[in-house]
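The exercises below can be worked with the sequence and the coordinates open side by side. Each task is followed by a solution in steps.

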Amino acid sequence: MSAPATWALVMNGTRARVLRGLEDGNGKDPIELLSRAPSTHLRDVMADKPGRSFASEGGGRRSAMELGSDPIRRDMQDFAGEVADLLETHRRAGDFQRLAIFADPHMLGILRAEFPATLWETVFLDMPMNIVSLPERALRERVLDYIHTKT
């Protein structure tokens with residue numbers, strides 16, 4: 001009986017890399033995803049003032065309006081949702097049975113909220129670390145080291 005197919009998700013707030021075929025050590029080319037958010041710097045998002053509103057009573061006083069939510073967190077949640085959809089599609093197709101996650105600690109928390117339960121059932125390792133910018137060979141070696149110590 002062959003080993004179950006193992007994939008690894010390596011991710012931060014703007015970039016995701018999916019390493020495939022880890023059970024044999026060689027693997028296929030990684031899947032690369034980039035956030036579609038035009039800017040994930042808070043200074044850019046908040047550069048435009050949110051505006052002012054008039055009070056409904058009190059002689060027409062004006063007050064500053066607050067931003068409705070954290071725009072960077074919203075971008076990260078959207079990106080995590082895209083990654084979750086992609087992985088869930090591959091899980092349903094039987095492309096992998098086990099998933100290891102290496103994500104920036106903040107993004108790992110967002111992934112926990114965005115992943116469906118069926119996808120979380122495949123997760124056997126989740127590490128709060130941002131290693132997404134490592135070169136391909138070093139990234140694959142680091143991921144395999146953690147996977148082999150876990151199994």
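**Exercise 1. Pairing in the sheet**

In which sense do β2 and β3 pair, and over how many bridges? Then place this pair in the sheet.

Solution. The model is a predicted one.
- Step 1: β2 and β3 are antiparallel and share 4 bridges. One residue pair to check is Ala16 with its bridge partner Leu33 in β3.
- Step 2: β1 (residues 6-11) pairs with β6 in the parallel sense, over 6 bridges. Here Met11 has Ala103 of β6 as its bridge partner.
- Step 3: β6 also runs parallel to β7 (residues 123-128), with 5 bridges between them. Leu99 is matched with Val123 in β7.
- Step 4: The result is an open sheet of 5 strands with mixed pairing, in the order β3-β2-β1-β6-β7. β3 and β7 each have a single partner strand, so one side of each is left without a neighbour in the sheet. On average, neighbouring strands of this sheet are turned by 15° against each other, direction ignored.

**Exercise 2. Cover of β6 and the packing of α2**

How many residues of β6 are buried, and which strands does α2 lie across?

Solution.
- Step 1: β6 spans residues 98-103, and 5 of its 6 residues are buried.
- Step 2: α2 lies across β1, β2, β3 and β6, and runs at about 170° to β1.
- Step 3: The length of α2 can be compared with expectation. Its 22 residues (71-92) reach 31 Å from first to last C-alpha, close to the 32 Å expected at 1.5 Å a residue.
- Step 4: The buried residues of α2 include Met76, Phe79, Val83 and Leu87. Their cover includes the strands β1, β2, β3 and β6 together with the helices α3 (105-114) and α4 (117-120).
- Step 5: After α2 comes Gly94, with a positive phi near 80°.

**Exercise 3. Salt bridges within helices**

How many salt bridges does a search of the whole structure find? For those listed below, give the distance and state whether each partner is buried or exposed.

Solution.
- Step 1: The search returns 7 salt bridges.
- Step 2: Asp78 and Arg74 meet at 2.6 Å, N to O. They are 4 residues apart in α2, which means a separation of about one helical turn. Asp78 is partly exposed at 36% relative accessible area, and Arg74 is partly exposed at 38%.
- Step 3: Arg92 and Glu88 form a salt bridge whose closest N and O atoms are 3.5 Å apart. Arg92 is exposed at 60%, whereas Glu88 is buried at 8%.
- Step 4: In the salt bridge of Arg137 with Glu141, the closest N and O atoms are 3.6 Å apart. This pair is in α5 (residues 136-150), again 4 residues apart. Arg137 is exposed at 67%, and Glu141 is partly exposed at 44%.
- Step 5: Spacing gives the common reason: residues three or four places apart in an α-helix point the same way, because there are 3.6 residues a turn.
- Step 6: A network of salt bridges links Arg17, Glu136 and Arg140.

**Exercise 4. A loop residue**

Why does Thr122 count as buried, and which residues does Thr122 touch?

Solution.
- Step 1: Thr122 lies in the loop between α4 and β7.
- Step 2: Its relative accessibility is 11%, and the cut-off for buried is under 20%, so Thr122 counts as buried.
- Step 3: Leaving out residues up to four places away in sequence, Thr122 touches Arg91, Phe96, Gln97, Arg98 and Leu99.

Notes
Residues numbered from 1 in each chain as written. Predicted model: local features only at pLDDT ≥ 70, side-chain atom pairs only at ≥ 80, totals over all residues. Heavy atoms only, no water. Buried < 20%, exposed > 50% of the residue type's maximum accessible area, 1.4 Å probe, protein only. Helix = DSSP H or I, 4+ residues; strand = E, 2+ residues; numbered from the N terminus. Pairing = 2+ DSSP bridges. Expected span 1.5 Å × (residues − 1). Contact = heavy atoms within 4.5 Å. Axes fitted to C-alpha atoms, helices over the stretch in contact; angles between N-to-C directions. Salt bridge = Lys/Arg side-chain N within 4 Å of Asp/Glu carboxyl O.
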